[in-house]
Amino acid sequence: MKRDHPIRWSNLYLLLVFIVLYLPIIYLIIYSFNAGDTMDRITGFSWRHYLTLFADTRMISIVLNTVIIAVLSALLATIIGTFGALGIDQLKKRSLQNGILSLNNVLMVSPDVIIGASFLIFFTFLGVKLGFGSVLLSHIAFSVPIVVLMVLPKIKDMSQTMIDAAYDLGATKWQTLTRVILPAITPGIFAGYFMAFTYSLDDFAVTFFVTGNGFSTLSVEIYSRARQGIDLEVNALSTLMFLVSLLLVGGYYLLNRYNEKKKIHRAKASQEVDDA
Amino acid sequence: MKSKTAYLTPYFLWIALFVIAPMALILYQSFFSITGHFTFGNYEQYLSSGVYLKMTVNSIWYAFIITVLALLVSYPTAYLINHLKNKQLWLLLIILPTWINLLLKTYAFIGLFSQNGSINDFLRFVGLGSHQILFTDASFIFVATYIEIPFMILPIFNALDELNPSLVNASRDLGASAWQTFRRVIFPLTMPGVKAGVQAVFIPSLSLFMITRLIGGNRVITLGTAIEEHFLVTQNWGMGSTIGVILILAMFVVMFLTRDRKNKGGQIR
């Protein structure tokens, strides 16, 4: 009874936090349907800004660039990161493992501007032309550490006896890797790919430094448009991007749930075997 | 073992090329003047001209305010969410806005804060009259705090989630008030979460150059803004790298101050 009162206040507080968190996003979405051209006053409902967006070939090619960069960089970062994690796990010395992990985390904690500026110096130093290639390489580079951090715990969770059993039963190294190790750590690999993908989609600062002139990604394009003021085409775009994010989060949530269930299912199955 | 090296080759290549080389290059570049001569001039200029030092102090001060505000909002939020029934779902709702591109959220505030925007409409409606909101220090701090709050809530929530509730019950049973329990039991035990949150918020706050450009209207200059300016506008990479080295040093200081002191737990005072 006594607790009734504070709980209600606390709900009000939470409500306020959620309103503030979502207000800008909802505001953007509402105005994307505005018949007028400003974010000041709604003059009526219209799909006008969406039609402009779909007719904007420059914007569509930028969206495609962004997606291609995200898919490719996440894929390559996942491959490098997964094998890196497997390699780190095999190292005998604990101190060596920790040393490598510290280096791994440098790009996780460095501010974006530092990563961007240092990559810009690096690419200029090597004579790499700024554009698609430099952006792709940068995105791979800053996605590798998160993949390692997602995959390594799964490798540590895996029991060594499974691998020993595979070898004892005559499996080659390659067979052990593809038939035993990789399937066991698949959830970690997926999570790593997914995180790398979203890192790439979200990145602005690093891309801004290494993109040069001709090439642009969504974040960079939104920045340059926002500097010129309000443009409701950007609102229409953000509404679509919000929907995509919702789908991605939903997909990730379901994937996690599925993995958890499978784990429980397996645990139950092995329990039954033990009981019998 | 052959396979060991085969696994690690691309990964080590990545460490060498994209971790060690760029960091070494930024340090190297900081010793070159704009005309390409080796010099300590950038550091001399940084330390002697009041402009750079003032900018650094300002940037740290802004980051400090943003971190404190984010902490003040986030701790109660994380605490309350931890007591809700479907807490994982609510947490997901907190995380969801972080998936929206940062530029878009910033862009939304340009509309909200503008002279005829909704906030000014509201102020006029309640009779406070319209104000210049966009391009002020306060708007920069507000937007930066807004962006960083979820990154503060997440680690604090995790720390609270791991907190053993029987410790709280024990404290209450032994006669501690709710406030005493919070101050002596809950807060100290969730300190690692707070530290992780401070780390996750303070370092980016030093370098959010896009928000200073779009919302702060070039009135607020952070370390990040200065680096961007030197690299992409004035093309003085040497000075930009020098400020970069300062930012890296600031990062190490923050990480040192917020590090986890593991074996502190068992001590008797």
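Which residue just after α7(A) takes a positive phi? In this predicted model, that residue is A:G170, with a phi of about 95 degrees. The legends below begin there.

**Figure 1. The end of helix α7 in chain A.** Helix α7 of chain A covers residues 160-168. The helix is hardly covered, and of its nine residues zero are counted as buried. A:G170 comes just after α7(A) and has a positive phi of about 95 degrees.

**Figure 2. Chain A as the setting for the close-up views.** Chain A contains 11 helices and zero strands. Its pattern along the sequence is therefore a run of helices, α-α-α-α-α-α-α-α-α-α-α, and its radius of gyration is 24 Å, well over the 19 Å that the globule rule gives for 276 residues, so chain A is more spread out than a compact globule. The C-alpha trace of chain A spans about 75 × 70 × 35 Å along its principal axes. Of the 276 residues in chain A, 38% are buried. Taking the contacts in chain A between residues at least 6 apart in sequence, 79% join residues at least 24 apart.

**Figure 3. The side of chain A that touches chain B.** Chain A gives 55 residues to the contact, and chain B gives 58 residues. Several helices of chain A supply two or more residues to the side that touches chain B, among them α3 (57-90), α6 (132-157), α8 (173-202) and α11 (232-275). Helix α1(A) provides the largest share of this side, 12 residues. By class, the residues on the side of chain A that touches chain B are 41 nonpolar, nine polar and five charged.

**Figure 4. Helices α10 and α13 of chain B.** Two packed helices are described by the angle between their axes and the distance between the axes. The axis of α10(B), residues 191-205, comes within 10 Å of the axis of α13(B), and the two cross at roughly 165 degrees. Because angles over 145 degrees count as roughly antiparallel, α10(B) is roughly antiparallel to α13(B). The crossing of these two helices is right-handed. On α10(B), the residues that meet α13(B) are B:Q199, B:F202 and B:I203. Their partners on α13(B) are B:M251, B:V254 and B:M255. The contact of α10(B) with α13(B) has five nonpolar residues, one polar residue and no charged residues.

**Figure 5. Two loop residues of chain B with positive phi.** Most residues other than glycine have a negative phi. B:F135 is not a glycine, and its phi is positive, near 65 degrees. B:F135 sits in the loop between α6 (118-125) and α7 (137-162) of chain B. B:F135 counts as partly exposed because it has 17 C-beta neighbours inside 10 Å. B:Q235, also not a glycine, has a positive phi of about 60 degrees. The loop that holds B:Q235 runs between α12 (223-233) and α13 (237-257) of chain B. B:Q235 is exposed, because 9 other C-beta atoms lie within 10 Å.

**Figure 6. B:Y52 and B:I243.** B:Y52 belongs to helix α3 of chain B, residues 50-82. B:Y52 has 19 C-beta neighbours inside 10 Å and so counts as partly exposed, since a buried residue needs 20 or more. B:I243 is 191 residues from B:Y52 along the chain, and the C-alpha atoms of the two are separated by 8.6 Å.

Methods. Residues numbered from 1 in each chain as written. Chains lettered and ligands numbered in written order. Predicted model: local features only at pLDDT ≥ 70, side-chain atom pairs only at ≥ 80, totals over all residues. Helix = DSSP H or I, 4+ residues; strand = E, 2+ residues; numbered from the N terminus. Buried ≥ 20, exposed ≤ 12 C-beta atoms within 10 Å, placed from the backbone. Contact = placed C-beta atoms within 7 Å. Nonpolar A, V, L, I, M, F, W, Y, C, P; charged D, E, K, R; others polar. Rg over C-alpha atoms; globule rule 2.2 N^0.38 Å. Axes fitted to C-alpha atoms, helices over the stretch in contact; angles between N-to-C directions. Parallel < 35°, antiparallel > 145°, perpendicular 65-115°, else oblique. Left-handed = near helix turned anticlockwise from the far one by under 90°.
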